[in-house]
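Please look over the following sequence together with its three-dimensional model before reading on. The paragraphs after it are meant to be read with both at hand.

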Amino acid sequence: PPAPWKTLAKDHGVRDPNVVCPRWDGKNPAQTLRGWMRQQLFWQTRTHTEPDCWGILLLEALAEQSLPRKLAESVPDDVLITSDGYVAILMKILRNYQAYLEVELEKAALEAKAEAAMAELDKGNAEPRIAVPVEG
């Protein structure tokens, strides 16, 4: 049977032999990290490259002298040249930038609460029924 990644790539549309691993320099992670991660998912489904090479391609896609590149370079070569290399790099990056993702989630939760409160006001309720936490 075909490898799972080949099946996934086939199921998700046209694979492009010219697609390159998305670049990232680590700058403005609050605005760029989530989008870059999404681009990585799209790249995985469109690439012809075997997963054993994904770690090397990811390392090369990270800007030289950047923190993400330094994190990637800390992955041992014997791991980097396997299908685990890609995951190892992503895990190091995600652990390092986790706070940016958590802040984004907190912001989204507060925005959802504010929208719900506004909806309550729009319905004619004088007081919104949604409690918004106040830091103290």
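What follows is a walk through the packing, the helices, a charged pair, the cysteines and two loop residues. The model is a predicted one, and every value given here was computed from its atoms.

A good place to begin is the largest nonpolar core, which has 21 residues, and in which W24, L33, W36, L58, L62, I89 and I93 touch the most other members. Two or more residues of this core come from each of helix 2 (29-46), helix 3 (54-61), helix 4 (67-73) and helix 6 (84-96). As a general matter, nonpolar side chains in soluble globular proteins tend to be buried together. To see the packing around one member, take I89: setting aside its neighbours within four places in sequence, I89 is in contact with G55, L58, L59, L62, A72, V75 and L80.

I89 belongs to the buried residues of helix 6, which are G85, Y86, I89, L90 and I93. Because these residues cover an arc of only 130° around the axis, they sit on the same side of helix 6. On the other side of that helix, D84 and R95 are exposed. The buried residues of helix 6 pack against helix 2, helix 3, helix 4 and helix 5 (77-80). As for its length, helix 6 has 13 residues and reaches 18 Å from its first C-alpha to its last, close to the 18 Å expected at 1.5 Å a residue.

Helix 3 can be read in a similar way, with W54, G55, L58, L59 and A61 as buried residues. Viewed down the axis of helix 3, its buried residues fall within an arc of 165°, and they therefore line one face of the helix. In helix 2 the buried residues are P29, L33, W36, M37, Q40, W43, Q44 and T45. The 18 residues of helix 2 should span 26 Å at 1.5 Å a residue, and its end C-alpha atoms, being 25 Å apart, agree with that expectation.

Turning to charged side chains, the structure holds one salt bridge, in which the side chains of E73 and R69 meet at 3.1 Å, N to O. Both E73 and R69 lie in helix 4, four residues apart, which is about one turn of the helix. An α-helix has 3.6 residues a turn, so residues three or four places apart point the same way. Side chains of opposite charge can pair when their charged atoms come close. The partners differ in their exposure: E73 counts as partly exposed because its relative accessibility is 47%, whereas R69, at 12%, counts as buried.

What does a search of the whole structure find in the way of disulfides? The search finds zero disulfides. Of the cysteines C21 and C53, C21 counts as buried at 9% relative accessibility, while C53 is partly exposed with a relative accessible area of 35%.

Finally, two loop residues deserve a look at their backbone. N28, in the loop between helix 1 (4-11) and helix 2, has a phi near 50°, a positive value in a residue other than glycine. Q65, in the loop between helix 3 and helix 4, likewise has a positive phi, of about 70°, although it is not a glycine. N28 counts as exposed because its relative accessibility is 52%, and Q65, at 66% relative accessibility, counts as exposed as well.

Key. Residues numbered from 1 in each chain as written. Predicted model: local features only at pLDDT ≥ 70, side-chain atom pairs only at ≥ 80, totals over all residues. Heavy atoms only, no water. Core = buried A, V, L, I, M, F, W, Y, C linked by side-chain atoms within 4.5 Å. Buried < 20%, exposed > 50% of the residue type's maximum accessible area, 1.4 Å probe, protein only. Contact = heavy atoms within 4.5 Å. Arc of directions from axis to C-beta. Salt bridge = Lys/Arg side-chain N within 4 Å of Asp/Glu carboxyl O. Expected span 1.5 Å × (residues − 1). Disulfide = S-S within 2.5 Å.
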